[in-house]
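Biologist: Got the model open. Can you walk me through a few spots?

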Amino acid sequence: CLWRVAGEPEVDVENPFVDVPADAFYYTAVLWAYENGITTGIDDTHFNPYGDCNRAQVITFLWRAEGEPTSGAEVTFPDVPANAFYYNAVAWAVENGITTGLDNGTFGPLEICNRAQVVTFLYRADND
C-alpha cells in the first residue's frame, strides 16, 4: 500500500529476505520498504509476508515512510509506554489526526490491524 502511494517506484537493493521470492506480487513493494528503512523484517533474513501486522507496526511503517518526523504531541494512551519502539510513531499519528485510538481510550498496539484500519490510516496519512 505505501509503495503504491509512493508511485510504485523501482528499487535498487539486493533482496535480504529468503521468504520473499522474486516472482511474488509483493516483491518490489517489500524491497522498496526495506530500501527506504520502513521495515527491517522480523529478522535479518525473513520478512514474514503472510504474517499479521499489529497497530503499532502499521503506525510505525507510516511514520518511517514520512521520514520519522518529530512530534510535540503527548501520548495519553495508557497502553503506549514512553519506552515503546512505537511511541514516537503514535505521537506523530495522534498529532496529525491519523489515529484517535480505540473507543475504550487505548491505542491497542498489539491488536491486529485489520484492512479497514490500514486503509484509514493510509488515507489520513496521505491527506494530513
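Modeller: We can take the cysteines, then a loop threonine, then a helix. This is a predicted model: local features need pLDDT of at least 70, side-chain atom pairs count only at pLDDT 80 or more, and totals for chains, interfaces and linings use all residues. Residues are numbered from 1 along each chain as its sequence is written, and side-chain values use heavy atoms, without hydrogens and water.

Biologist: How many disulfides in the whole structure?

Modeller: Zero, taking a disulfide as two cysteine sulfur atoms within 2.5 Å. Cys53 is in none; its nearest cysteine sulfur belongs to Cys113, 7.8 Å away.

Biologist: Is Cys113 buried or exposed?

Modeller: Buried, at 9% relative accessibility. Buried means under 20% relative accessible area, exposed over 50%, partly exposed in between, with a 1.4 Å probe and protein chains only. Cys53 is partly exposed, at 31%.

Biologist: New topic. Where does Thr99 sit?

Modeller: In the loop between helix H4 (87–95) and helix H5 (115–126). Helices are DSSP runs of H or I, at least four residues, numbered from the N terminus. Thr99 is buried at 3% relative accessibility.

Biologist: What does the side chain of Thr99 reach?

Modeller: The backbone nitrogen of Gly101, at 3.0 Å. Beyond four places in sequence, Thr99 is in contact (heavy atoms within 4.5 Å) with residues including Arg55, Phe107 and Phe121.

Biologist: Arg55 is in H3, then. Which residues of H3 are buried?

Modeller: In H3 (residues 55–65), Arg55, Ala56, Val58, Ile59, Thr60, Leu62 and Trp63. Their cover includes helix H1 (2–5), H4 and H5.

Biologist: And what follows H3?

Modeller: Gly67, with a positive phi near 95 degrees.

Note on methods
Helices (H or I, at least four residues) and strands (E, at least two) are DSSP runs, numbered from the N terminus. A polar contact is a pair of N or O atoms within 3.5 Å; within protein, one must be able to donate a hydrogen and the other to accept it, and residues adjacent in sequence count only if both atoms are side-chain atoms.
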